[in-house]
Amino acid sequence: MAKVTVDGIEVEVPNGASVLQACEAAGKEIPRFCYHERLSVAGNCRMCLVEVEKAPKPVASCAFPVADGMKVFTDTPVVRNARRGVMEFLLINHPLDCPICDQGGECDLQDQAYAYGHDSSRYGEAKRAVKDKDIGPLVKTVMTRCIQCTRCVRFAAEVAGTPELGGTNRGENMEIGTYVEKALSSELSGNLIDICPVGALTSRPYAFVSRPWELKKTDSIDVLDAVGANIRVDSRGPEVLRIIPRVNEAVNEEWMADRGRFSFDGLKRRRLDRPWVHKDGKMVAATWPEAFAAIAHRLAGLPGERIGAVAGALADAESVVALKDLMAAYGSANLDCRDDGAAIDASRPDYWRFNTTIEGIEEADALLIIGSDIRREAPVLNARIRKRWAAGRFPVAYVGPRGLDLTYPATHLGDGPGAMGAFAETLKAAQKPMVIVGRGALQRPDGAAVLAAAWKLAAEVGALTPDWHGFNLLHLFGGQVGALELGFVPGQGGKDLAAMLAGGVDALWLLNADGFDPARIPASTFVVYQGHHGDAMAGRADVILPGAAYTEKDATWVNTEGRAQRGRLAIHPPGEAKEDWRIVRAFSEGVGKTLPYDDAGAIRARLAEASPVFARIGEVARGGCADLAGPAATAAPTDAAFVLPIPVYHQADVISRASDTMAKCAEVYGPQTALAAE
Amino acid sequence: MSAEHAEPASFAFDAESEAKIATILKRYPEGKQASAVIPLLYVVQKQMGLQTGSAWVPRVAMDVVADRLGMAPIRVYEVATFYFMFNTKPIGRFHLQVCGTTPCWLRGSDEVLRACKDAGHLKGYGDTSPDGLFTLTEMECMGACVNAPMIAVDDDYYEDLDYESTVKLIEALKRGERPTPGSATGRRSSEAAGGATALTGSETE
């Protein structure tokens, strides 16, 4: 540790820390553009100049290491003058078009110009102008505004692992761009917008839409992948205008995946905004009482075992527990939340959780990935793996389609389950080996055997010890784990999804269940679809109950680690749509099976009682593995090649399939399963 | 710019270049091969000059270099565009690089420039002659100030030039000759203009 005095305040910082970090420790704010705590230090903007005792001139604090006994001054005439000079130079080639710039109001350059800018310009010469680059449908560029801090270049190369941005030419002619015009191939490209300190990289869908001070900001959770990134939903009136990430070191740091960030325009399209009932061969708009009556009428004569319920990818925990309780009231144990057919063993939580936890990845020292393209299934989690890889000594191997580009080197072992043993020696040699099984790897007839084989491998190589749990299941969407935690799986004598679809039930209640082909439902089955988008499944329904999307309800979501987090209502659901658990609750009252909760507090108490996960919001119980007994399997897996579950990253769920922005992306980027031959 | 120098569809090192690359790569320790990016770009430019008569670095060749050195292509683009010694656009057969820095300018680089324009049919800096023979570039000091003014034709320095001698040089190049590099006035090395003034005798005198 080094003792540093900053403006007379003594602080202790680790050796090797920068002066800027010492200043922050002392509570002094240092202006900066190029410095970003999660990126390498570039030291090229010079805005963070401070005075250090005995140094002959101001030093760039971000790139200057501390020394014991150092005296730093952050607010002297010299420092202020130096920063004013830097600011003047930065503004020489900056267009000052703040009134038409989307960054206006949340721009680092604008804010710092208030403190260090001159009142008028002394610059009379021609300003340089730079041609805008086309880097895809998500990030808009206005390159004349660029101050060449190179944060984007470093982010693309270091965090996203797609080194496609660079600074070409030099001096006055230096430009940031891709040199060869191309759309950025990263699934994290939206973060470039956040890290750009000026308005050079802004959101294309959000261009000229709003000013930051007009927005209502609501903290929520991203559910379009299973990472559970913490987000802020910015809305105005009845519309979500943008979604940006919040910092949560344990989950998403400060990053967020593109699908979660940009698919919100799908919330306005193809919405189910009123109940519909199938009458005389066609869907007829109905009122809530009519829809409820139609369901109640159909369910009235049925024995419990002929009624089933399926919860899907985007179902929140509240509605899942309400539906489970409703089914119990009907005497039905036919529940299933594995609407994609994944053979998940629900008998023990560590069979379905990401037990190592996302933070735990940084402690691991070897990784085997089974049947998962993590880069597209959970981009933010993949960035964490990349961060671990970048720290050194981290062998990674994968089993799945050859040629996956995970943004870090990984050995391809083979296409099918038979190949996973080939990495056993490396895992055995590691202190904290990790195995990640993709949910997609279980969506096959021998899925249970794949799960059992993966667990067995993890147990054999020492990934399961009392202090380290190296077995991980990576889910795909925000609603999948919550339903498993709540035990939304076949109860005593209950039928699973396959049995229900094979004519095992006469009435089926689908809660956001879009994971299987509607054609598999027998024609005679009465289908209630409760959800928010008129996707394929809604077309098969006999009664449609319009629910709320994740931005439109106060709901609890569980990420792949088993971390329950609360999303909050940002806007109200459209039309007559309602919060999902309230729909189930209202229905139960109408049929005389009233569920014992009728406000948010009561249903949350019910959640906490159903699973301890919901009693510790935002936290995760991390631990080792006490019991090595693996999931049940009757046979060894076949060696059929793994098929990735998300063929098109940008159109993986009902919301993104309804989104124009995502449609454009899918057009530009194409199906990503088409992999190079090598 | 003539059509024959359009961006090629592909690029591959020939045997001669491969031999050079093998030597170059040996200079760097294992895992640090990216350091060889500048020498390799030179190899590319040389080979292009021999093969197509235009010494430049096409984008496909940068990709080949990136692939060979295990770098992201953008990192090679950054290097190639940073140094003006690499021509990222096709140039003429001969690259006339006129020094315009103060010593050369004081000694008449304007005349040299005028001679290049007249004899080479060039409009000015950055231009390539219609016959595709010459590209004219202004350079900063190339370190031959003692024999100013000078121009560099590709890698060869021609020094002590004036209007006439420059025209003569360019006409020779047009005929396919390659005059001996060095001083046009016959000055040996960087001796004084009228011959050596010191250390003229043997040491024993």
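Domain bounds here come from an automatic or database domain assignment. In this predicted model, chain A is divided into domain 1, residues 2-92, and domain 2, residues 276-341 together with 508-615. The C-alpha centres of these two domains of chain A lie 56 Å apart. Chain B is likewise divided into domain 1 (3-82) and domain 2 (94-183), with C-alpha centres 27 Å apart.

**Annotated spans of chain A**

- An unreviewed UniProt entry places the feature "domain: 4Fe-4S His(Cys)3-ligated-type" at residues 78-117 of chain A. Over residues 78-117 the chain is 60% helix and 0% strand, and the C-alpha atoms at the two ends are 15 Å apart.
- UniProt also lists "domain: 4Fe-4S Mo/W bis-MGD-type", again from an unreviewed entry, at residues 215-271 of chain A. Residues 215-271 are 9% helix and 35% strand, with the end C-alpha atoms 23 Å apart.

**Helix H16 of chain A and its surroundings**

- Helix H16 of chain A covers residues 580-590, and its buried residues are A:Asp580, A:Trp581, A:Ile583, A:Val584, A:Arg585, A:Phe587 and A:Ser588.
- An α-helix has 3.6 residues a turn, so residues three or four places apart point the same way.
- The partners of the buried residues of H16(A) include three helices of chain A, namely H7 (288-300), H8 (317-329) and H17 (600-610). Strands S25 (526-531) and S26 (543-546) of chain A also pack against these buried residues.
- After H16(A) comes A:Gly592, which has a positive phi, near 75 degrees.

**Strand S26 of chain A**

- S26(A), one of the strands against which the buried residues of H16(A) pack, has buried residues pointing both ways: A:Val543 and A:Leu545 point one way, and A:Ile544 and A:Pro546 the other.
- Strands of a sheet pair through backbone hydrogen bonds, either parallel or antiparallel.
- S26(A) takes part in both kinds of pairing: with strand S13 (residues 276-279) of chain A it runs antiparallel, joined by two bridges, and with S25(A) it pairs in the parallel sense over four bridges.
- On the S13 side, A:Trp276 has A:Ile544 as its bridge partner in S26(A).
- On the S25 side, the bridge partner of A:Gly531 in S26(A) is A:Pro546.

**A buried loop residue in chain A**

- A:Ile344 belongs to the loop that lies between strand S16 (335-336) and strand S17 (366-370) of chain A.
- A:Ile344 counts as buried because 25 other C-beta atoms lie within 10 Å, where the cut-off is 20 or more.
- Beyond its neighbours within four places in sequence, A:Ile344 is in contact with A:Arg338, A:Tyr351, A:Trp352, A:Leu442 and A:Leu484.
- A:Leu451 is 107 residues away from A:Ile344 in sequence, yet their C-alpha atoms are 7.5 Å apart in space.

**Contact between chains A and B**

- Chain A contributes 11 residues to the contact and chain B eight residues.
- The side of chain A that touches chain B comprises four nonpolar, five polar and two charged residues.

**Overall build of chain B**

- Chain B has seven helices and five strands, arranged along the sequence as α-α-α-α-β-α-α-β-β-β-α-β.
- The C-alpha trace of chain B spans about 60 × 50 × 30 Å along its principal axes.
- Of the 205 residues in chain B, 30% are buried.
- Among contacts in chain B between residues at least 6 apart in sequence, 61% join residues at least 24 apart.

**The sheet of chain B**

- The five strands form an open sheet of mixed pairing, in the order S2-S1-S3-S4-S5 (chain B).
- Strand S2 (134-139) and strand S5 (182-183) of chain B are the edge strands, each pairing on one side only.
- Helix H6 (residues 109-120) of chain B packs on this sheet, where it touches strand S1 (94-99), S2 and strand S3 (151-153) of chain B. The direction of H6(B) makes about 155 degrees with that of S1(B).
- The edge strand S5(B) pairs with strand S4 (residues 156-159) of chain B in the parallel sense, over two bridges.
- B:Glu159 stands opposite B:Ser183 in S5(B).

Key
Residues numbered from 1 in each chain as written. Chains lettered and ligands numbered in written order. Predicted model: local features only at pLDDT ≥ 70, side-chain atom pairs only at ≥ 80, totals over all residues. UniProt positions renumbered as here; feature names shortened; annotations may be inferred. Contact = placed C-beta atoms within 7 Å. Nonpolar A, V, L, I, M, F, W, Y, C, P; charged D, E, K, R; others polar. Buried ≥ 20, exposed ≤ 12 C-beta atoms within 10 Å, placed from the backbone. Pairing = 2+ DSSP bridges. Axes fitted to C-alpha atoms, helices over the stretch in contact; angles between N-to-C directions.
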